[in-house]
Amino acid sequence: MNTEEAKIVLEAALLTAERPLPLAELRRLFADELNADTLRVLLDELRLQWSGRGIELTALASGWRFQSAPSMRVYLDRLNPEKAPKYSRAVLETLAIIAYRQPATRGDIEEIRGVAVSPQVIRALEERGWIETIGQRETPGRPALFATTKAFLDDLGLRSLDELPPLETAAAAVPAEFELHFAAATDAAPVDVENESSLATNAAETESGGSLATSSSELPRASA
């Protein structure tokens, strides 16, 4: 099989896949006859061939996938004019704290935001598959440690935590680019309307006086 034939096989597999495909699975297409480095070269060539089209090949945390280019969103939205319900500010800020400070406990989140964290906020993020419990901190009470998942990175179109937009040292609570990524991710897939409705109510009850940290020293950048 020559290079062009191999790229056709990769193209067919990725266009028909329902989820991002990691290199380990892509190697199975060729009975492991192609190593990971060769596959990366072929995928990069394939990405260049699709450059400038409405569909692009992208490397994400859990693998490679074809997706619509950002410039196509304004047109594709016309096919689905109904917008998914939005997550509350409490959810956005909680997710941002976990993403940048992980692993983080509920106490860490409450210390930074200055308000109590509703259990429904954590539950909503867990049910969406954006955060998970990865252990417990060895302190009194052994609080759960939360971290983001590969699904979180995939939904935001990122390969690693290093690609998160940098925190501003001025008075920005959440980086504007993070908010844009988050908005696109919540538009891309529907959320549980009933759960979100109760979540917004509880968030409003705990929001008074709460704000996210405003300096990078309070909210250090997570590493991949």
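This is a short talk on helix α1, its packing against α3, and two buried residues elsewhere in the chain. Please keep in mind that the model is a predicted one.

I will start with α1. The helix runs over residues 3-16, which makes 14 residues. From its first C-alpha to its last it reaches 20 Å, close to the 20 Å expected at 1.5 Å a residue. At the N-terminal end there is a cap, and the residue that provides it is N2. A side-chain oxygen of N2 lies 3.2 Å from the backbone nitrogen of E4.

Which residues of α1 are buried? They are A6, K7, L10, A13 and L14. Viewed down the helix axis, these buried residues fall within an arc of 125 degrees, so they line one face of α1. On the other side of the helix, I8 and T16 are exposed.

What do the buried residues of α1 pack against? Two of the partners are helices, α2 at 23-28 and α3 at 36-49, and the others are the strands β1 at 55-60 and β2 at 63-68.

Let me stay with α3 for a moment. The axes of α1 and α3 come within 10 Å and cross at roughly 75 degrees. Angles of 65 to 115 degrees count as roughly perpendicular, and therefore α1 and α3 are described as roughly perpendicular to each other. On the α1 side of this contact we find T3, E4, A6, K7, L10, E11 and L14. On the α3 side they meet L39, L42, L43, E45, L46 and Q49. Of the residues just named, A6, K7, L10 and L14 also belong to the buried set of α1.

Now to the two single residues. D108 is found in helix α6, residues 106-113. Is D108 buried or exposed? Its relative accessible area is 7%, and the cut-off for buried is under 20%, so D108 is buried. The side chain of D108 reaches the backbone nitrogen of T105 at 2.9 Å. Leaving aside residues up to four places away in sequence, D108 touches R101, P103 and R137.

The other residue is A90, which lies in helix α5, residues 89-101. At 2% relative accessibility, A90 also counts as buried. Where does V117 sit relative to A90? The two are 27 residues apart along the chain, and their C-alpha atoms are separated by 8.2 Å.

To go back to the start: α1 has a buried face, and its buried residues pack against α2, α3, β1 and β2. That is the end of my talk.

Terms used: Residues numbered from 1 in each chain as written. Predicted model: local features only at pLDDT ≥ 70, side-chain atom pairs only at ≥ 80, totals over all residues. Heavy atoms only, no water. Helix = DSSP H or I, 4+ residues; strand = E, 2+ residues; numbered from the N terminus. Buried < 20%, exposed > 50% of the residue type's maximum accessible area, 1.4 Å probe, protein only. Polar contact = N/O pair within 3.5 Å; in protein donor to acceptor, adjacent residues only side chain to side chain. Contact = heavy atoms within 4.5 Å. Expected span 1.5 Å × (residues − 1). Arc of directions from axis to C-beta. Axes fitted to C-alpha atoms, helices over the stretch in contact; angles between N-to-C directions. Parallel < 35°, antiparallel > 145°, perpendicular 65-115°, else oblique.
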